[in-house]
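This report describes the overall form, the main sheet and the ligand surroundings of one protein chain. The sequence and the structure are shown first.

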Amino acid sequence: MRSKPREGLSKQNFEMAGEERGKRVMQKMRIPFGTIAITEYSKKLIGEILDSERVSSGKYVRKFEEKFAKLIDAQEAVSVSSGTDADALALAVLYDYGAKRGDEIIVPALSFVATGNAVLQAGFKPIFVDVERHTLNIDVSRIEKAITKQTRAIMPVHLMGKPAEMDTINDIAKKHKLFVIEDAAEAYGAVYRGKNIGTLGDMAAFSLYVAHMITTVEGGMVVTDKADFAEVLRSLRAHGRACKCESCILNINSGYCDKRFKYGKDKDKDIRFVFERIGFSSKMNELEAAIGLGNIEIYYKILEKRRNNLLYMLDKFKEFEPYLYTIKEEAHEKIGPHAFPIVLGEKNKFSRDDLVSYLEENGVDTRNLFLSMPTQCPGFEYLGYKLGQFPNAEYIGNNGLHIGIHQDMGEKELDYILNVVSDFCAKYKL
Ligand SMILES: Cc1ncc(COP(=O)(O)O)c(C=O)c1O
């Protein structure tokens, strides 16, 4: 195990570490999990929007959607209120394509709880499949056993930006005539066999929450290449309204719409007050879109910075094996630099919470690496799963954490974290 200081830490700081080891590692830094960029461009747009008093979904939301679709390389992007809604609305589209309420959706047992919640909120039954310990993603060898006559879709999650095994997932889906919806909430910038994550299934759901690489503070986006799915999504986010053409739903034309009173058999109903499907109230507003537009302008800079941080940490962290491990980037992929996962190896002398406390005491913000939704989240107990059914998800639920690698960090901060981890290991004589 390493005992030397890293470059980037000043000599003075390291000497302090030597003197004060056990009490304090070194001059403390505060390293938040994420930061938010609200650009000058966003501020200018926000001012204009407030002055115009047209703040509900309108031309800036549409512009943001268009830019987002281009960035992912998808034909359509439909904005919603959160990443959870992006998952739920994408699933709810399936009711227009033969799915029935109560049908089954296959999801990994380990994810942020939003994935499971969204399946239930959309009116489906989640069928959980265990994950792999080293990729953190759904174990594709277990998917076919979970398929029944009621299965309608597979929803893989690219956890921590590590692409799920999409070729196998798509082959299984094709064989069993299932839809594939990617939960890409954490996978901005991820690439799988040359294709962007978000373009590999029928639809993909992104989160625009603050710590994510593109943010609108709160928000989500569904992308798809299918115009008819996008149309249903626009209806779903507006209460299931029949009126769903782009200009009306976005309030762009304030004038008279000649389709308005021509709905139905007799072509005499007001289309804005016909609700064709069970909908959601999940629209993005102009102020949120303005923040998103600013973020899109600096997206490639953010991506580059975060990728550098991720690659640096992936390389340096090998030194902590087998006590601690992380994910690996394989030749066929690029990991989206969302955050940095850490999992304890087996037979450790310390617990995840020992490490978390030490990191937090030393100013490093941490998050647990989620939980096995069916067996470690009390809200899912009613589904009847029993602890022990998802050993890998449960292991990560007990032994995993993640920390930031965001754009406002650089080698200095990363070296600081590595030194804190190193000092922690030294305490246990590893
Ligand atoms: C894998 C995953 N799915 C869904 C979501 C939900 O996103 P939101 O918090 O925007 O609702 C998140 C949140 O980050 C997530 O990590």
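## Basis of the description

Helices are DSSP runs of H or I of at least four residues, and they are numbered from the N terminus. The model discussed here is predicted.

## Overall form

The protein contains 15 helices and 16 strands. Its C-alpha atoms occupy a box of roughly 85 × 55 × 35 Å along the principal axes. A compact globule of 430 residues would have a radius of gyration near 22 Å, and the protein, with 23 Å, agrees with this.

Of the 430 residues, 48% count as buried. Where contacts join residues at least 6 apart in sequence, 72% of them link residues at least 24 apart.

## The seven-stranded sheet

Seven strands form an open sheet with mixed pairing, in the order β1-β10-β9-β6-β5-β2-β4. Strands β1 (76-80) and β4 (125-129) stand at the edges with a single partner strand each, so one side of each has no neighbour in the sheet. From one strand to the next, the twist averages 25°.

In general, the strands of a sheet pair through backbone hydrogen bonds, in either a parallel or an antiparallel manner. Here, strand β2 (residues 104-108) and β4 run parallel and are joined by five bridges. Within this pairing, valine 107 has phenylalanine 128 of β4 as its bridge partner.

Helix α8 (residues 227-236) lies across three strands of the sheet, namely β1, β9 (203-207) and β10 (220-224). Relative to β1, helix α8 runs at about 15°.

## The ligand and its shell

Which residues come nearest to the ligand? Among the 15 residues around the ligand, these are Ser82, Gly83, Thr84, Ala185 and Ser207. By character, the shell divides into five nonpolar, seven polar and three charged residues.

Two helices, α4 (83-92) and α5 (114-121), each supply at least two residues of the shell around the ligand. The largest share, three residues, comes from α4.

## Helix α4

Is helix α4 mostly covered or mostly exposed? Helix α4 is mostly covered, with 10 of its 10 residues buried. The buried residues of α4 include Gly83 and Thr84, both of which are also among the residues that come nearest to the ligand. Asp85 and Asp87 are buried in α4 as well, as are Leu89 and Leu91. The alanines Ala86, Ala88, Ala90 and Ala92 of this helix are likewise buried.

Note on methods: Residues numbered from 1 in each chain as written. Predicted model: local features only at pLDDT ≥ 70, side-chain atom pairs only at ≥ 80, totals over all residues. Pairing = 2+ DSSP bridges. Axes fitted to C-alpha atoms, helices over the stretch in contact; angles between N-to-C directions. Contact = placed C-beta atoms within 7 Å. Rg over C-alpha atoms; globule rule 2.2 N^0.38 Å. Buried ≥ 20, exposed ≤ 12 C-beta atoms within 10 Å, placed from the backbone. Near = placed C-beta within 6 Å. Nonpolar A, V, L, I, M, F, W, Y, C, P; charged D, E, K, R; others polar.
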